[in-house]
Amino acid sequence: LYRGIPTARFDEIRNMFLRIRDEFGVPLEIVNDGEVTALVGSMSLNDNGVLGIALGSSEAGGYTTLNGNITDWLNELGFCPVDYNPQAPVDEWSGDRGCGALYFSQRCVFRLAPKVGIEIPPDITNAQKLKVVQSKLETGHEGAAQIWQSMGVYMGYAIAHYADFYDLKHVLILGRCTSGRGGSLILEGAKQVISADFPELAARIKIQLPDEKSRRVGQSITAAGLPILR
């Protein structure tokens, strides 16, 4: 939302959320969407130590501690590196290489699609572009399956990397990129990597995918319960 506002007019948007609260007259709480992902996980699993990863337009991350609390810092994993290859793709906004957002989002799908022979029409929205590739996946396109299989391998190694920084019992994967068959392919690939290369993590971390409805709207349902009603 903020990226599209010219610098000269930035003051008009900086208090946008406060204006929404005042104009609509509704309870409002500002929390990073990744933290809400983690809360969805804790509530659905009835357990703590949850890292939530939402694969959408970017990678949203959130964490609930072993005590069941969300943190007071940003767990915005989209800009944290997961690929240290000096030839890793560059995020056009931050200028950093190997960011999670390039591996766990629709941007990854768009980047890999030409490599497996899928041409995406350029004159449609990003949401429509994702649906084009997902429709090929659902109809059995081998190249489309390879995209999500690759994302699963990426996810397995990234989870092992994240485990260096978080006390994890569960990893919950959701977001629009996990809809349909894609979610199962990512989950399967991640589990295979963890089991093969990080058996000590496989013994203590459960990687899970919520049901289809929760993948897409679970965050909204949980977020609506965050504000204090007076």
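**Helix packing and a pocket in a predicted model**

In this predicted model, helix α5 (residues 142-162) and helix α6 (residues 181-197) cross at roughly 45°, their axes coming within 7 Å.

Q: Why are α5 and α6 called oblique to each other?
A: Their axes cross at roughly 45°. Under 35 degrees would count as roughly parallel, and roughly perpendicular runs from 65 to 115. The angle fits neither range, so the pair is oblique. As for handedness, the crossing is right-handed.

Q: What makes α5 and α6 a contact, and which residues meet there?
A: Contact takes heavy atoms within 4.5 Å. On the α5 side the residues include Ala145, Trp148, Gly152, Met155, Gly156 and Ile159, and on the α6 side they include Leu185, Ile186, Gly189, Ala190 and Val193. By class, that contact has 13 nonpolar, five polar and two charged residues.

Q: Why are α4 and α5 described as roughly perpendicular?
A: They pack at an angle of about 110°, with axes 7 Å apart. The range for roughly perpendicular is 65 to 115 degrees, so α4 and α5 get that label.

Q: Which residues does α4 bring to its contact with α5, and what do they meet?
A: From α4 come Leu130, Val133, Gln134, Lys136 and Leu137, which meet Ala144, Ala145, Ile147 and Trp148 in α5. The split is seven nonpolar, one polar and one charged.

Q: How do you know which elements line the largest pocket?
A: Lining residues have an atom within 4 Å of a pocket point. By that test α1, α2, β1, β2, α3, α4 and α8 each supply at least two residues. The pocket's volume is about 1,600 Å³, and of its 44 lining residues, Asp33, Ser57, Ser58, Ala60 and Glu76 are the closest to the centre.

Q: What classes make up that lining?
A: The lining has 22 nonpolar, 11 polar and 11 charged residues.

Technical notes:
Residues are numbered from 1 along each chain as its sequence is written. This is a predicted model: local features need pLDDT of at least 70, side-chain atom pairs count only at pLDDT 80 or more; totals for chains, interfaces and linings use all residues. Side-chain values use heavy atoms; hydrogens and water are left out. Axes are lines fitted to C-alpha atoms, for helices over the stretch in contact, and angles run from 0 to 180 degrees between N-to-C directions. Helices (H or I, at least four residues) and strands (E, at least two) are DSSP runs, numbered from the N terminus. Angles under 35 degrees count as roughly parallel, over 145 as roughly antiparallel, 65 to 115 as roughly perpendicular and the rest as oblique. A crossing is left-handed if the near helix is turned anticlockwise from the far one by less than a right angle, and right-handed if clockwise. Ala, Val, Leu, Ile, Met, Phe, Trp, Tyr, Cys and Pro count as nonpolar, Asp, Glu, Lys and Arg as charged, and the others, Gly among them, as polar. On a 1 Å grid over the protein atoms alone, a cavity is a set of points where a 1.4 Å probe fits but cannot get out, and a pocket is an open set with protein on both sides within 12 Å along at least five of seven lines; lining residues have an atom within 4 Å of a point. Grid points are joined across faces, edges and corners, and a volume is the space filled by probe spheres set on the points.
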